Every structure is written in structure tokens, then in C-alpha cells.
Amino acid sequence: MCQSNTLQGPDLHAGKWLQFPQLALRRRLGQLSCMSRPALKLRSWPLTILYYLLPFGALKPLTRVGWRPMSRVSLYKSVPTRLLSRAWGRLNQVELPTWLRKPVYSLYIWTFGVNMKEAAVEDLHHYRNLSEFFRRKLKPQARPVCDMRSVISPSDGKILNFGLVKNCEVEQVKGVTYSLESFLGPRICTENFQLSQASSCTSFRKQLVTQEGNELYHCVIYLAPGDYHCFHSPTDWRVSHRRHFPGSLMSVNPGVARWIKELFCHNERVVLTGDWKHGFFSLTAVGATNVGSIRIYFDRDLHTNSPRYSKGSYNDFSFVTNNNKEGIPMRKGEHLGEFNLGSTIVLIFEAPKDFNFRLKAGQKIHFGEALGSL
């Protein structure tokens with residue numbers, strides 16, 4: 001006698017109950033596939049967050065019916081960090097009541113280990129808002145500038161990486177690189193203000209090295225939220241050009257820098273280029289989450305973290321004019337600019353082969369201390 005495989009009675013209802021979620025999910029996921037990319041990202045964003053946060057793979061069954069979570073990097077990149085940074089900037093400008101200043105600043109000091117004994121004004125009631133507190137000045141004797149024939153640290157911070165630039169790639173942290181040309185943009189020729197593209201026979205790195213026998217070096221300094229937020233000139237040099245790259249404002253914390261390749265090329269940054277006695281010299285201030293405001297003291301035309309920008313675009317400004325052939329001369333240790341919170345400074349410069357760094361990756365450094373010397 002043949003046995004029928006057809007479900008009957010309670011078994012039939014149980015079978016339908018088990019099949020229903022899969023059919024419903026497939027239908028919903030089919031609708032998602034027809035959406036525009038922004039709408040799809042908006043719909044899948046909360047589900048992806050739950051996928052990574054919930055324990056024991058609670059949402060893994062969804063992957064069996066065709067749903068795929070966004071990668072962690074894509075998820076992080078989709079966060080509106082520019083909008084959040086502008087909101088944080090507005091909040092920083094709000095004047096705090098006198099009675100609230102000490103508890104708020106004390107909490108920040110305790111959280112990030114700020115040394116207020118170095119501040120020019122130690123009285124916390126003096127700072128009307130968070131922005132003034134972040135940009136506090138130091139006592140003149142707090143950061144003596146090294147007088148040796150050396151390049152000094154332009155800021156307080158942590159050394160993420162340093163060394164020779166090889167194959168047009170620069171390390172943002174150990175083992176994670178970014179393209180030198182993507183970071184700086186096309187080479188500027190200050191003689192006739194024309195852009196020169198790297199040719200097949202001459203690498204971009206070789207275009208930057210102007211003197212025979214020299215090498216190209218780099219140094220990356222990370223400023224934590226508790227560090228002194230101003231930055232200074234690392235040597236005597238002449239600034240001839242500014243290039244502003246609008247971009248993302250992702251965190252430049254070393255942990256995130258290990259996670260996202262070419263992070264510094266994605267983020268908003270201000271590249272100052274020029275020359276010193278050994279050839280090419282550049283200092284780049286890289287923005288980060290809540291650090292949309294990058295200020296260069298001698299550049300009043302610079303406006304960062306604008307609401308709208310074109311991805312991959314940049315704005316050029318030359319300080320060399322018919323009336324000023326020298327550009328902006330900077331002395332070692334002179335005030336150059338400031339961030340509104342922690343961020344990153346990247347130095348890329350030309351120097352003779354006997355230039356030696358006096359650093360260890362991961363070490364803390366203060367403004368005025370030597371990075372290296374001849």
C-alpha cells in the first residue's frame with residue numbers, strides 16, 4: 001500500500017507556518033532589490049546593525065533566504081559623519097553657564113587625561129564654551145623648541161608611522177598603505193602654476209624629489225582628543241600652495257586606520273606644500289569625526305566641512321603672486337593652525353639620504369621635540 005507524503009490536519013498547518021516566514025522574507029527582500037541605492041542603504045542599515053550586535057548569530061537565518069548584510073566598513077562609511085561633525089561644531093560654540101563649566105571640563109579632563117598645568121589659563125571658568133577649551137593655548141615654557149638642525153614635531157600626539165616613501169605608497173599605520181598621489185593630488189608646478197601628471201617613465205615620487213641624491217620621507221602624527229590641538233611649523237620653510245580636499249570625516253583613531261584602507265585619502269584634508277632648504281616640503285592636516293573645522297591662521301579664504309561637495313574634488317590656492325614671489329615664509333615653531341578636536345598631521349618632505357628619524361612607532365611626542373635630523 002502506498003503511503004502519501006501529503007500533510008494533513010495539524011501537520012498541514014504546521015508546514016504552512018514553517019514555510020510562511022521564508023516566503024514572506026523572500027518577497028520583502030525582492031522588493032528591496034528593486035529600490036534605489038540610497039533607499040536600499042537606508043532600509044538595510046538598521047538590520048545590518050542588529051546583525052552585528054545581536055549575540056549568537058540571531059539574524060543569520062536571514063542570509064539563507066538571500067539577504068546579505070553590509071560589510072562593517074560600508075556600514076561605517078554610511079554614517080553621516082559630516083552632518084554629525086557640523087552639529088558637534090555648533091554645540092561647541094554654545095556658551096556654557098559659569099556654574100556648569102567646571103564640571104563639564106573636569107569630566108573631559110578626567111576622560112582624556114588633559115594636563116591643565118601646561119595651559120596658559122588654568123582656571124576652567126575662563127573658557128566660555130567647549131571650542132575655547134579645545135583650542136586652549138599653552139604656557140610659553142611648556143614646549144621648548146629644539147634648536148638643533150632638525151625637523152620638529154608640529155604638534156603633540158602619537159607617532160603612527162615614519163620612514164622612507166617607497167613605490168609611491170605611504171603607510172598610515174603598520175601594514176596599511178595609501179597612494180601618495182591620491183593623498184597629495186597632482187603635482188603643482190609653482191613656476192607656471194600648471195599641473196603636471198605623472199608619466200609612465202617618471203613616477204610621482206620622482207617629481208617631488210627636486211635635488212639629486214635626496215630621498216622622500218614621511219611621518220604621521222595622531223592627535224588624541226586630550227592633546228594640545230594647535231599645530232606649528234616643523235621647520236623653516238616657504239608655503240607656496242594650499243590644496244583643500246573636501247571629503248568624509250571618519251575617525252582617524254589608529255584602530256580605524258588599520259581597518260579602512262586609504263582612510264587619509266577619503267577624509268577631508270588641507271595640504272600645504274612648498275619648499276625648505278633641502279627641497280620639497282608638505283604638511284597635511286587631516287580632518288576627522290567632530291573635527292570638520294581645520295583652521296590655517298594665514299589663510300582666511302579656507303572654509304572646511306561645507307554641507308555640499310563633489311566626491312574626489314579639490315580646491316587649489318596659490319600664495320605665490322606677482323606681488324609676492326616668495327609665498328608664506330614660516331619659521332620653525334611658529335603657529336600654523338588648529339583643529340577643534342583630535343586629528344592627524346602628515347609630513348611628507350625631501351631630505352638628504354643621511355636624514356635620520358629619532359622615533360619609535362607608537363611613542364608619544366610633544367610639539368617642539370625633534371622628529372629627526374641630518
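**Aromatic pairs, nonpolar cores and the annotated active site**

Across the whole structure, a search finds 22 aromatic pairs. The structure is a predicted model, and the description that follows should be read in that light. One of the aromatic pairs is formed by Tyr217 and Phe357, whose rings meet edge-to-face, with 6.0 Å from centre to centre and 70° between the planes. Because Tyr217 belongs to strand β7 and Phe357 to strand β17 (residues 356-357), this pair ties together parts of the structure that are 140 residues apart in sequence. Tyr217 and Phe357 are both buried; for Phe357 the relative accessibility is 18%, a value that counts as buried because the limit is 20%. Phe357 also pairs with Phe349, again edge-to-face, at 6.3 Å centre to centre and with 65° between the planes, and Phe349 is itself buried, at 0% relative accessibility. Tyr217, Phe349 and Phe357 are members of one aromatic cluster, which also includes Phe162, Trp237, Trp276, Phe281 and Phe355.

Phe349 and Trp237 appear again in the nonpolar interior. The largest nonpolar core has 32 residues, and those with the most contacts inside it are Phe231, Trp237, Ile345, Phe349 and Leu371. Two or more residues of this core are given by each of the strands β7 (214-223), β9, β10, β11 (279-286), β12 (294-296), β14, β15 (335-339) and β16. A second core, separate from this one, has 29 residues, among them Phe204, Val209, Tyr222 and Leu263. As for Ile345 of the largest core, when residues up to four places away in sequence are not counted, Ile345 touches Pro154, Ser155, Cys219, Val220, Ile221, Leu223, Phe231, Leu283, Thr284, Ala285 and Phe339.

Strand β9 (residues 237-245), one of the contributors to the largest core, has eight of its nine residues buried, so this strand is largely enclosed by the rest of the structure. Its pairing with other strands can be followed in turn. With strand β10 (residues 269-276), β9 pairs in the antiparallel sense over seven bridges, and here His244 stands opposite Val270. With strand β13 (residues 315-318), the pairing is antiparallel over four bridges, and Arg243 stands opposite Asp316. With strand β14 (residues 328-330), the pairing is likewise antiparallel, over three bridges, and Trp237, already noted in the aromatic cluster, stands opposite Met330.

An unreviewed UniProt entry places the feature "active site" at Asp156, His232 and Ser343. These positions span 188 residues in sequence, yet no two of their C-alpha atoms are more than 14.2 Å apart, so the three gather at one spot. His232 is found in strand β8 (residues 230-232), and with 2% relative accessibility His232 counts as buried. Leaving aside neighbours within four places in sequence, His232 is in contact with Pro154, Leu283, Gly333, Glu334, His335, Leu336 and Phe367. In addition, a polar contact of 2.9 Å joins the side chain of His232 to that of Tyr228. Ser343 is found in strand β16 (residues 343-352) and also counts as buried, at 0% relative accessibility. Pro154 and Leu283, which are in contact with His232, are also among the residues touched by Ile345.

How values were computed: Residues numbered from 1 in each chain as written. Predicted model: local features only at pLDDT ≥ 70, side-chain atom pairs only at ≥ 80, totals over all residues. Heavy atoms only, no water. Buried < 20%, exposed > 50% of the residue type's maximum accessible area, 1.4 Å probe, protein only. Pairing = 2+ DSSP bridges. UniProt positions renumbered as here; feature names shortened; annotations may be inferred. Contact = heavy atoms within 4.5 Å. Polar contact = N/O pair within 3.5 Å; in protein donor to acceptor, adjacent residues only side chain to side chain. Core = buried A, V, L, I, M, F, W, Y, C linked by side-chain atoms within 4.5 Å. Phe/Tyr/Trp six-rings, centres within 6.5 Å; stacked < 30°, edge-to-face > 60°.
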